[in-house]
Amino acid sequence: MPRTLDSQITMEKTPSYYVTREAPRRIASMSQDTKLIVVVRNPVTRAISDYTQTLSKKPDIPSFEELAFKNKSQGLVDTSWNAIRIGMYILHLENWLQYFRISQIHFVSGERLITDPAGELGRVQDFLGLKRIITDKHFYFNRTKGFPCLKKPESSSTPRCLGKSKGRTHVQIDQEVIEQLRDFYRPFNVKFYEMVGHDFRWD
Ligand SMILES: Nc1ncnc2c1ncn2[C@@H]1O[C@H](COP(=O)(O)OS(=O)(=O)O)[C@@H](OP(=O)(O)O)[C@H]1O
């Protein structure tokens, strides 16, 4: 980690930390005052997004259904598949809570990050104890991209959207499969909502 002045905050972003067993212990041994930010979205959509991303790199992988179920007719979900396992947010959270207080962790809604980026980033700034510098005026909705984009990033004078790998069209999945996964995740989601004190309304 780079050294910082008292007036600065060091930020580091690695998506896999949240689901890496050793990460909480290692981070806590570095600093117990660390603030943690996690972006979560509906775990069913997350799994499909994850699969869509893998498929774009390895087009020969088995179908989503084949990977998602040990036995589809019995509704037996394969929790050893990362795309499924990552969305069991409560299990990972329990690991973090052995080292950090829940008040040290802020969960960003992946859904609201798209529909209301300024609102969601407002809450992030509050959590970090910062003045709300980033507001609505920094975003516009880009119709071609189908997502909010930055009007004028720090390093340039032109608007900037996230890259092509963010916001891909998802692979089409059977509604029945989606329902089965929704049922699978429901109890995990409910426990997660209780623990974080916020209902993300994924059901
Ligand atoms: N403004 C904006 N523009 C584009 N995309 C946006 C934006 N805000 C949130 N998202 C969502 O970010 C999702 C991609 O993030 P990743 O999962 O690749 O992030 S990371 O790998 O964990 O860093 C990506 O998921 P997919 O739609 O499944 O590709 C987007 O839905």
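Colleague: What makes you say that the side chains of glutamate 120 and arginine 123 meet in a salt bridge?

Modeller: In this predicted model, the N to O distance between the two side chains is 2.9 Å. A salt bridge requires a nitrogen of Lys or Arg within 4 Å of a carboxyl oxygen of Asp or Glu, so the pair qualifies. Both residues belong to helix α7 (residues 117-127), where a spacing of three residues puts them about one turn of the helix apart.

Colleague: Why is glutamate 120 called buried?

Modeller: Its relative accessible area is 0%. Buried means under 20%, so glutamate 120 falls in that class. Arginine 123, its partner in the salt bridge, has 33% relative accessibility and therefore counts as partly exposed, between the limits of 20% and 50%.

Colleague: Which residues do salt bridges that share partners join into one network?

Modeller: I shall come to that by way of another pair within a helix. The side chains of arginine 186 and aspartate 183 also form a salt bridge, at 2.9 Å from N to O. These two residues are separated by about one helical turn because they stand three residues apart in helix α8. Arginine 186 has 31% relative accessibility and is partly exposed; aspartate 183, at 45%, is partly exposed as well. As for the network, Arg112, Glu120 and Arg123 are joined into one by salt bridges that share partners.

Colleague: How many salt bridges does the structure hold, and how do you know that glutamate 176 and lysine 72 form one?

Modeller: There are eight salt bridges in the structure. For glutamate 176 and lysine 72, the closest N and O atoms are 3.2 Å apart, and the limit is 4 Å, so the pair is counted. Glutamate 176 is in helix α8 (residues 175-196) and lysine 72 in the loop between β2 (69-71) and β3 (76-77), so the salt bridge ties together parts that lie 104 residues apart in sequence. Lysine 72 itself is partly exposed, with a relative accessible area of 24%.

Colleague: Why is strand β4 described as largely enclosed by the rest of the structure?

Modeller: Strand β4 covers residues 105-109, and five of its five residues are buried, so the description follows. Ile105, Phe107 and Ser109 point one way from β4, His106 and Val108 point the other way, and all are buried.

Colleague: What joins strand β1 (residues 36-40) to β4, and how do the two run?

Modeller: Five bridges join them, and the strands run parallel. Two strands pair if there are at least two bridges between them, so β1 and β4 count as paired. Within this pairing, valine 39 stands opposite valine 108 of β4.

Colleague: How many helices and strands are there in the protein chain?

Modeller: The chain has eight helices and six strands. Their order from the N terminus is α-β-α-α-β-β-α-α-β-α-α-β-β-α. Of the 203 residues, 35% count as buried. The C-alpha atoms fill a box of roughly 55 × 45 × 30 Å along the principal axes.

Colleague: Which residues gather in a patch of positive charge on the surface?

Modeller: They are Lys13, Lys57, Lys58 and Lys166. Lysine 58 is in the loop between α2 (43-57) and α3 (64-68). A patch residue must have over 30% relative accessible area, and lysine 58 has 53%, so it meets that condition. Exposed means over 50%, so lysine 58 is also called exposed.

Colleague: Which residues form a nonpolar patch on the surface?

Modeller: Ile9, Met11, Ile37 and Leu130 form it, with about 360 Å² of accessible area together. Isoleucine 9 is placed in the segment before α1 (23-30). With a relative accessible area of 43%, isoleucine 9 is over the 30% required for a patch, yet it is called partly exposed because exposed means over 50%.

Colleague: Why is proline 2 called exposed?

Modeller: Proline 2, in the segment before α1, has a relative accessible area of 57%, and the class begins over 50%, so it is exposed. Its C-alpha atom is separated by 40 Å from that of leucine 67, 65 residues apart along the chain.

Colleague: What is the phi of arginine 201?

Modeller: Phi of arginine 201 is near 55°, a positive value in a residue other than glycine. Most residues other than glycine have a negative phi. Arginine 201 is found in the segment after α8, and at 69% relative accessible area it is over 50% and therefore exposed.

Terms used: Residues are numbered from 1 along each chain as its sequence is written. This is a predicted model: local features need pLDDT of at least 70, side-chain atom pairs count only at pLDDT 80 or more; totals for chains, interfaces and linings use all residues. Side-chain values use heavy atoms; hydrogens and water are left out. Patches are made of residues with over 30% relative accessible area and no salt bridge: like charges are joined within 9 Å, nonpolar side chains (Val, Leu, Ile, Met, Phe, Trp, Tyr) within 5 Å. Accessible areas come from the Shrake-Rupley method with a 1.4 Å probe; for residues, only the protein chains shown count as cover. Lys and Arg count as positive and Asp and Glu as negative; His and the chain ends are not counted. The place of a charge is taken as NZ of Lys, CZ of Arg, CG of Asp or CD of Glu. Helices (H or I, at least four residues) and strands (E, at least two) are DSSP runs, numbered from the N terminus. Buried means under 20% relative accessible area, exposed over 50%, partly exposed in between (1.4 Å probe, protein chains only).
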